[in-house]
Each structure stands twice: as C-alpha cells, then as structure tokens.
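Trainee: I should like to learn how empty spaces and aromatic rings are read in a protein model. May we work through an example together?

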Amino acid sequence: MAAHYDVLIVGGGIAGLSLASALAGRCSVGLVEAEQELAYHTSSRSARQLIPSYGPPVVQELTVRTLELIAARDAELPEPVLTPRSFMLIGSEEAVAAEASGHMRPITPAEALDLCPVLVPDSFSAAGLDTGSFGCNAPLLLEDHRQRAVAAGADIITGARVHSAQRVGSGWQVGAGMEAFEAAVLVNAAGAWADELAVISGVEKLGLQPYRRTAAIAAVEHSLPAHSPMVAAADHSFYFRREGDDVLISPSESVASGPEDARPRPGDIERLVARLNQVTTLGITDIRRAWTGLRTEAADGVPVAGFDAEAPGFYWLAGQGGYGFQTSSAMAELAAGQILAHQSGTEAAGGLGDGPESRTAQALAATRWSVRR
C-alpha cells in the first residue's frame, strides 16, 4: 500500500529539509532521500558563511530574509546557528569594484591588514568589507529543520532513491527504494540530480548544471585571530577563514560536472596551498581533510522556485548554486506559501500577502515567477 501525503519532497539537503519544516503541521509531508543519511552531498560540504553581499541582487535579497528568519529562530535555541563573522574581498581595484555590492563598503589596504594581519601587503591593492555577514552552524541548522519537521508530523525516509514517478489523476505516484508513495504535489529538491528526477518524472529538464567546488581544512604555523573575517579573492581564485586553530581554504573553482559523489582532484589542493603561501603568512603545513561539493545552477544563476507550468503539481526547488544555505529559509518560506496556496485553490503570487513572504516573492519575481511561464 502506498503512503499518501499532500506533499512529497525529494531531497534531504538544506533545501528539502527547510521546506519540510516550513510545511509540516500545515499539511501532510513526506521527504525521501536517496542516501542513507541526510545532507550527504552539497549540504554537508558548505563553507558555512551567509554573506548578504554575495551573489546577484535576487540572491542578496533572499539572503537578507534568510538571516532574519534564522535570527528569529536562534532566539528559541540553546545554541545559536548564527555567529557574526565579516566577509572581506581583496584584489585589484577593478576586480573589487566589479564584485562589491550595496552590502559591502570599501576599506583601505591598511584597514584590511589590521583585520587580517596574515595577508601579504603587496598582494592586493583594494578591499571591501561586509560586516553583515555571519558564520553558520550548518549541522545545527539542518538538525533543527529535521527535528521541527518530524515533531510536526513529517515522515523522513532515507536510503530511498526515486526510480519511478508519474502523474496519475490529480496527483503523483512515486517509487523510491522499496516503497511507494502518492502525493498531490511532488517537490524536486534533488540538488545536482534535479534534472535527472525531472526526466524520471516525465518532465522536461531545465538544463541545470552542477559545478565542482573543493575545500580543505589546513593546519597552519600562524593561526588567524579569533575575530578575523572570511577573506576571498575578487578574481575567485581562493577564499579562506578561521576554523578553530586551523583554516578552511578553497580554490573557489567552478568546473562543470555531472551529478556525482564528488571528490578532490589531484593537484587542486596543492596549487591552492602554493598560492596561499604566496599571498599570506599562514604557513600551511598540512591538509587535515579535503572534500568537493557540487553547486547546481540554472543558466541565469538564479535559484529555481515554482510550479512547472507544463507538469501540474510538480514543484521545482533547485538551482541554488553556491547560495543554498544563505537562501534556504527564504526559499522555503516562499515555496511553502506557493504550495499551500495551490492546495487551497487560491494559487499564485498574490496569495502570500503583504508581509515578509511577499518581499521574497518579489525578489524572485524580478527574474522568474513560475517555471517555464
């Protein structure tokens, strides 16, 4: 006998878990994840930084709203998800000017050196600072979403890869692992596998492209001060931040990939270490561990949220790129509003009212409101 839900979410990363916690208690919710553990892929391989100045304007707006929502939740938690940690951009004057946004103010190289004394003075000529940026306790946020969803009645099933999905009558029939499911709404929160799920479901894929991004935890001779900002090169050649007595580092690469359990490629970390030992005095001595995640993007770089206009009841929540955590709560708020409006028959953009939800809707509406429409 198939389990029946109002909404079946495919994908147990930050996107799927955020939506499950936003919907649970307001309708019946099931979530299926292909892996044996939740957040196994990209969501467990995050830089754990929420940066209002990072990404296109629509992403920045979603980030501001996500920070508001998480901060409100932090007031109820024994341990906060968010910790203030500034974000600093360095490089040539042209590169910094091109990458800076309204959330970032220019600072002098001398000010940048005061904030991050391990930088080599002649390695950059300009800098920008975003003081509204926060470090994110990603495991705590993921677990909070999971607990809230389950407490409100959601079912979460792991080790259940979707192998079949079809539209039947007014809903969807889905086979995942050894189980069968029925749902009025099928949510595609499958990350790098979102287009693959669309094909399985008989829905035209959107051309979402996964990109590799590698990171590592490095032991150093000279630790960063406790309140050091996260530092990124404006030319996207590296970023680094404090991680206890160690440093998290990344070459910031963006290399096209298929959906896979990504792993670092030979030479990527070695070249990064050589570069950072040129532009900083960190003195990287050892790599404790390294990993690679996949950032999946639409062609326009804007997250995809909305019902597919050609596949009734099929909802896309995908293409978050490198902005998954920093847009997650706002995207879930928007998606929950659209899905509940769809179920009640009120449908669409105006169903979100005049509150914060409509701010998020307006941010996405500037580029796309409903998929393929």
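Trainee: Which residues line the second largest cavity?

Mentor: Let us begin with the general idea. Rolling a probe the size of a water molecule over the atoms shows where empty space is left. Please bear in mind that this model is predicted. Here the second largest cavity is lined by His41, Thr42, Arg45, Ala192, Trp193, Glu260, Ala262, Thr292, Gly293 and Leu294. Its volume is about 40 Å³.

Trainee: How do the residues of that lining divide into nonpolar, polar and charged?

Mentor: Four are nonpolar, four are polar and two are charged.

Trainee: Why does the second largest cavity lie between domain 1 and domain 2?

Mentor: The second largest cavity lies between the two because domain 1 (3-44 + 138-208 + 300-372) and domain 2 (87-131 + 209-297) both give residues to its lining.

Trainee: How many cavities of 30 Å³ or more are there, and what is the volume of the largest cavity?

Mentor: The count comes to two cavities of 30 Å³ or more. The largest cavity has a volume of about 50 Å³. Two elements, α1 (14-23) and α8 (324-344), each give two or more residues to the lining of this largest cavity. The largest share, five residues, comes from α8. Among the lining residues of the largest cavity are Ile14, Ala15, Leu317 and Met331. That lining divides into five nonpolar residues, four polar ones and no charged ones.

Trainee: Let us turn to the rings. How many aromatic pairs does a search of the whole structure find?

Mentor: A pair of aromatic rings is described by the distance of the centres and the angle of the planes. The search of the whole structure finds six aromatic pairs. Phe307 and Tyr315 form an edge-to-face pair, with 4.9 Å from centre to centre and 90° between the planes.

Trainee: Are Phe307 and Tyr315 buried or exposed?

Mentor: The cut-off for buried is under 20% relative accessible area. Phe307 has 11% relative accessibility, so Phe307 counts as buried. Tyr315 has 0% relative accessibility and therefore also counts as buried.

Trainee: Which residues form one aromatic cluster?

Mentor: Trp172, Phe314 and Trp316 form one aromatic cluster.

Trainee: Which residue lies over the face of Tyr40?

Mentor: Arg45 lies over the face of Tyr40, at 5.3 Å from the ring centre. You have met Arg45 already, in the lining of the second largest cavity.

Notes
Residues numbered from 1 in each chain as written. Predicted model: local features only at pLDDT ≥ 70, side-chain atom pairs only at ≥ 80, totals over all residues. Heavy atoms only, no water. Phe/Tyr/Trp six-rings, centres within 6.5 Å; stacked < 30°, edge-to-face > 60°. Buried < 20%, exposed > 50% of the residue type's maximum accessible area, 1.4 Å probe, protein only. Lys NZ or Arg CZ within 6 Å of the ring centre and 35° of its normal. 1 Å grid on protein atoms, 1.4 Å probe; cavity = no way out; pocket = protein on both sides within 12 Å on 5 of 7 lines; lining within 4 Å. Points joined across faces, edges and corners; volume = space filled by probe spheres on them. Helix = DSSP H or I, 4+ residues; strand = E, 2+ residues; numbered from the N terminus. Nonpolar A, V, L, I, M, F, W, Y, C, P; charged D, E, K, R; others polar. Domains from an automatic or database assignment.
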